[in-house]
Amino acid sequence: MNSPDLYAVFGQPINHSKSPQIHRLFAEQTAQNLNYHTKEVGKDFFESAANNFFTKGGEGLNCTVPLKECAYQFATKLTQRATFAKAVNTLSLQQDGSILGDNTDGCGLVMDLINHQISLTGKRILILGAGGASRGIIAPIIKHKPKQLVIVNRSIEKALKLATEFQSLGMSIHGCGYDDLAPQQFDLILNATSASLSNQLPPLPKNLLAKNGCCYDLAYGNQPTIFVNWGIENKAIKSLDGLGMLIEQAAESFYIWRGIRPNTQRVMAIFNR
Ligand code: NDP
């Protein structure tokens, strides 16, 4: 048997990452001979570590917190969705030696929403947070033609900047601070802040979630996140965490690298979801 093709995820911290397990399951399922490992890499060492990885035969690299902007700078070519996101989570060595940067986060989120029959079309959608994850999900959401899209952030200027930047996609997006939210109501609230990771909730007004609305936390953990619980308390008909998004964005990376789409539902079932 030939030696396995090399893939990895770089980030800091990285020990908690579920990506090696997910890609191992995808590879088993699709009979691909590959090895996927983790490496703790900080921003200062990203360029040399990535160069070293590709020089030594690496085929594809995932980049997670805090490296998505470094990976965006490192790529020698970019897909359209990475260009919009200004962040890259998937690097692929091309036949001509160039490195293609892509962003599969938004596509992963939308796929997971579709898997759970949560519609975006015609809905009033609120995104909490204006960091890297928000950047990655806005364009794929707009493709599904929501009725309204609002971005709220603690530092208001970042929300306003994102709203302005994405206007070019043909939809009016509103940026604001948390104090400006009431008395609006939303059919879908996406938590793209990192607040859940420190068990904190953004300051959300009462009655923010419309009747029959849904909540989705991009963060995930072994227990329901604080925002998933907020959704349940506020009578969301579905309140989900981001494990499904993680698996779907990994599947999209796997497809980019191997040209085969793995069955994500089988992997979800292994994670008991
Ligand atoms: P960033 O550091 O780029 O952005 C963090 C955002 O959270 C900022 O908008 C920040 O606001 C806001 N924030 C942080 N703490 C609070 C708080 N206590 N109250 C209100 N707002 C807060 O992070 P990312 O965008 O990269 O990641 C965001 C989340 O998405 C993380 O939980 C990450 O794990 C998750 N994620 C999940 C993925 C998946 O596959 N499931 C993929 C990618 C990300 P401010 O600007 O004011 O500081």
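**Close-up views**

**View A. Helices α6 (132–143) and α9 each supply at least two residues of the shell around the ligand.** Helices (DSSP runs of H or I, at least four residues) and strands (DSSP runs of E, at least two) are numbered from the N terminus. The model is a predicted one, in which local features need pLDDT of at least 70 and side-chain atom pairs count only at pLDDT 80 or more, whereas totals for chains, interfaces and linings use all residues. Residues are numbered from 1 along each chain as its sequence is written, and side-chain values use heavy atoms, with hydrogens and water left out. Helix α9 provides the largest share of the shell, three residues. Sorted by class, the shell has 11 nonpolar, 10 polar and four charged residues. Here Ala, Val, Leu, Ile, Met, Phe, Trp, Tyr, Cys and Pro count as nonpolar, Asp, Glu, Lys and Arg as charged, and the others, Gly among them, as polar.

**View B. Polar contacts of the ligand.** There are 25 residues around the ligand (one heavy atom within 4 Å of it). Of these, A133, N153, R154, S155 and K158 come nearest. Polar contacts are pairs of N or O atoms within 3.5 Å; within protein, one atom must be able to donate a hydrogen and the other to accept it, and residues adjacent in sequence count only if both atoms are side-chain atoms. S155 places a polar side-chain atom 2.5 Å from an oxygen atom of the ligand. For K158, an N or O atom of the side chain is 2.6 Å from a ligand oxygen atom. L218 takes part through its backbone, with an N or O atom 2.9 Å from a nitrogen atom of the ligand. The ligand taken alone exposes 930 Å², and the protein buries 81% of that (Shrake-Rupley method, 1.4 Å probe).

**View C. The mixed sheet and its helices.** Six strands form an open sheet with mixed pairing, in the order β2-β1-β3-β5-β6-β4. Two strands pair if DSSP finds at least two bridges between them. At the edges stand β2 (34–40) and β4 (77–78), each with a single partner strand, so one side of each has no neighbour in the sheet. Within the sheet, β3 (residues 58–63) and β5 (residues 90–93) pair in the antiparallel sense over three bridges. G60 has S92 in β5 as its bridge partner. Helix α2 (residues 46–55) packs on this sheet, in contact (heavy atoms within 4.5 Å) with β1 (5–11), β2, β3, β5 and β6 (99–102). The direction of α2 makes about 150 degrees with that of β3. Axes are lines fitted to C-alpha atoms, for helices over the stretch in contact, and angles run from 0 to 180 degrees between N-to-C directions. Helix α9 (residues 243–258) lies across β1, β2, β3, β5 and β6, and runs at about 10 degrees to β5.

**View D. The parallel sheet and helix α7.** This open sheet has six strands in the order β9-β8-β7-β10-β11-β12, with parallel pairing. Its edge strands, β9 (173–176) and β12 (238–240), each pair on one side only. On average, neighbouring strands are turned by 20 degrees against each other, direction ignored. Strand β7 (residues 124–128) runs parallel to β10 (residues 186–191) and is joined to it by four bridges. Opposite L128 stands N191 in β10. Helix α7 (residues 156–165) packs on the sheet, touching β8 (148–152) and β9, and its direction makes about 170 degrees with that of β9.

**View E. Loops with cis peptide bonds or a positive phi.** The peptide bond from Q12 to P13 is cis, with omega near 5 degrees; P13 belongs to the loop between β1 and α1 (19–30). A182 and P183 are also joined by a cis peptide bond, with omega about 5 degrees, and P183 sits in the loop between β9 and β10. Q117, although not a glycine, has a positive phi of about 55 degrees. The loop between α5 (105–115) and β7 holds Q117.

**View F. The surroundings of P205.** P205 lies in the loop between β10 and β11 (209–217). Leaving aside neighbours within four places in sequence, P205 contacts L181, A182 and W230. V88 is 117 residues from P205 along the chain, and the C-alpha atoms of these two residues are separated by 33 Å.
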